[in-house]
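Reader: I'd like to go through the charged side chains of this model with you, a few at a time. Could you put the structure up before we start?

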Amino acid sequence: MNINIQYRCDICSNTQLNEDKCQCCGSESLKKEEYVKENSQSSLSSNLEVVIVGGGIASLSVIRCLIEKGIHSITLICKEKHFPYYRTAIPKILLDPPFCNNPQFFIEQKKFYQKNKINILLGFTVKLIDLKNSIVIAEKDLVRQEIPFSKLVLAVGGEPNKPPFIQQSSSNDIIPIHSIADMEAINSLFETRVIKQVAIIGAGLSGIEISNALRRKSAKVTVTLVEIADRILPRQLSKTASKVFMDVLLKNGIQLKLNSQIKAILCEGNTKIIEFSNGENITCDLICYSCGIKSSVQLAQSIGCKINHGIIVNEYMQTNVSNVFACGDCCEYNGRCYGNWTDSMKQGIVCGKAIIGEFTKYIHTPMPYFVFSFIGVYSVGIIEGESILKQNGNEFMEIFLKDGCIIGGNLLGKIITKVQRDLVTSIERKTEGEEAQLLIEKWKTYF
Ligand SMILES: Cc1cc2nc3c(=O)[nH]c(=O)nc-3n(C[C@H](O)[C@H](O)[C@H](O)COP(=O)(O)OP(=O)(O)OC[C@H]3O[C@@H](n4cnc5c(N)ncnc54)[C@H](O)[C@@H]3O)c2cc1C
């Protein structure tokens, strides 16, 4: 084992071999530290230089896995200037702008990266991968870094899907619901303009959470949710459950525009006019949108990875290019880009293990979805086919069965806490027949 010297930046945790200004953030506050470099025969870790592109839950899961296995020669390159954070919690920034500095918002704290000697480059974008020489080239303003790798992980997530009517609009302040920067952009518009009418395009999970946050931000704001489908949360809720939840939204002052195909968005000064295909239109001061995610594939494509909707990976998160892995929202496994938190996390773990030669197959299992806005909404499993339903006001339960076997459910209101765990267990155990019926009867008594 050799004792080596490196310099760690107090501000961003970047490590480098010289004591000049930090190559990552320009800070002059660098501390000398020793690190142990094992010799080449002693372990697998000495041969590994893992570079991970993208700072989300997928990449952090890879890191956690590698650390657990004693691998510390890891560089994490994040385009955003923040440590990996809970993307699902960004709506909170609208209500409480300082929340984006709150430790609870970050999946791991700065000291985690310091303690584990992760070389983390915040605000750097990988522009180029030199596969022949196994080097990643990352840039931040005029700073350019070349980072060698033996294993490369692409965990670059996705970009908000931009429908043609947004691409063609002349307004550049139609804001996606995707990152801290987007929430800061919305907050800044509220500070600098009078915002009374907001339209949210897309009534999925994030569209609804943002509607709630905006209503709570200012009671004077009118929020209209615009959705092309005939109901809200069409992927998570049955028609009946969706109807119950829609009534709750309406009672809370959210206006709904369903079955609404947008033709164009016009701008007159700061005012925007959404024109619908049926000839109707609405006027608003701010438009936010959440119309799905498009996997980021450009980097992978540039080095010859196979691409379909996402970067194609096998069950170990390996791409077709040797020593290059992909996981999270950017990848496609078995013909599907899952685009959710839990799958990104699970794929990251599978990827981390594969890097060190521990091959465990990735298996997708249906995961529950929660909405915490207005009343709780919970959805798990398959939401189609025959169902058994019980409702009392906003308390709602619909259980889905196939050939007598419990396959999924929608729960709304306080009933969630009473039924949720048993419901998941019954789906996992494929509870069927009389046992399933008795269980559902028991759940009905909770109303
Ligand atoms: C408001 C909201 C609510 C959500 N709610 C839910 C929910 O209830 N349940 C659920 O399961 N999922 C939910 N999701 C989706 C979930 O957050 C994502 O599926 C998950 O965060 C994806 O993680 P990831 O690590 O794959 O990618 P990301 O979190 O997107 O991270 C990828 C990172 O890579 C960076 N990057 C891209 N290109 C480069 C480059 N060239 N160089 C360097 N860095 C790069 C990006 O800037 C980004 O920071 C929600 C998402 C949002 C926005």
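Reader: Is E139 buried, partly exposed or exposed?

Author: In this predicted model, E139 has a relative accessible area of 26%, and it counts as partly exposed because that value lies between the 20% limit for buried and the 50% limit for exposed.

Reader: And which residue does E139 form a salt bridge with?

Author: The partner of E139 is K127, and the closest N and O atoms of the two are 3.7 Å apart. This pair links distant parts of the chain, since E139 belongs to strand 8 (residues 135-140) and K127 to strand 7 (residues 125-130), with their positions 12 residues apart.

Reader: What about D422, where does K442 sit relative to it?

Author: D422 is in helix 10 and K442 is in helix 11, 20 residues apart, and here too the pair links distant parts of the chain. The two form a salt bridge whose closest N and O atoms are 3.8 Å apart.

Reader: How accessible are D422 and K442?

Author: Both count as partly exposed, D422 with a relative accessible area of 29% and K442 with 39%.

Reader: Staying with helix 11, how far apart in sequence are E441 and K444?

Author: They are 3 residues apart, about one turn of the helix, and both lie in helix 11. E441 and K444 form a salt bridge, with 3.4 Å between the closest N and O atoms. E441 is partly exposed at 41% relative accessibility, and K444 is partly exposed as well, at 22%.

Reader: Which residues are joined into one network by salt bridges that share partners?

Author: That network is made of K127, E139, R144 and E146, so the K127 and E139 pair we began with belongs to it. The salt bridge count comes to 14.

Reader: Changing topic, which residues gather in the patch of negative charge on the surface?

Author: The patch brings together E386, D403, E432 and E435. One of them, E432, lies in the loop between helix 10 (415-428) and helix 11 (433-444), and at 48% relative accessibility E432 counts as partly exposed.

Reader: Last one: which residues does the "domain: FAD/NAD(P)-binding" annotation cover?

Author: According to the unreviewed UniProt entry, that annotation covers residues 49-348. Over residues 49-348 the chain is 26% helix and 29% strand, and the C-alpha atoms at the ends are 17 Å apart.

Definitions and conventions:
Residues numbered from 1 in each chain as written. Predicted model: local features only at pLDDT ≥ 70, side-chain atom pairs only at ≥ 80, totals over all residues. Heavy atoms only, no water. UniProt positions renumbered as here; feature names shortened; annotations may be inferred. Helix = DSSP H or I, 4+ residues; strand = E, 2+ residues; numbered from the N terminus. Patch = residues over 30% accessible without salt bridge, like charges linked within 9 Å, V, L, I, M, F, W, Y side chains within 5 Å. Areas by Shrake-Rupley, 256 points an atom, 1.4 Å probe, with all protein chains shown as cover. Salt bridge = Lys/Arg side-chain N within 4 Å of Asp/Glu carboxyl O. Lys, Arg positive; Asp, Glu negative; His and termini not counted. Charge placed at Lys NZ, Arg CZ, Asp CG, Glu CD. Buried < 20%, exposed > 50% of the residue type's maximum accessible area, 1.4 Å probe, protein only.
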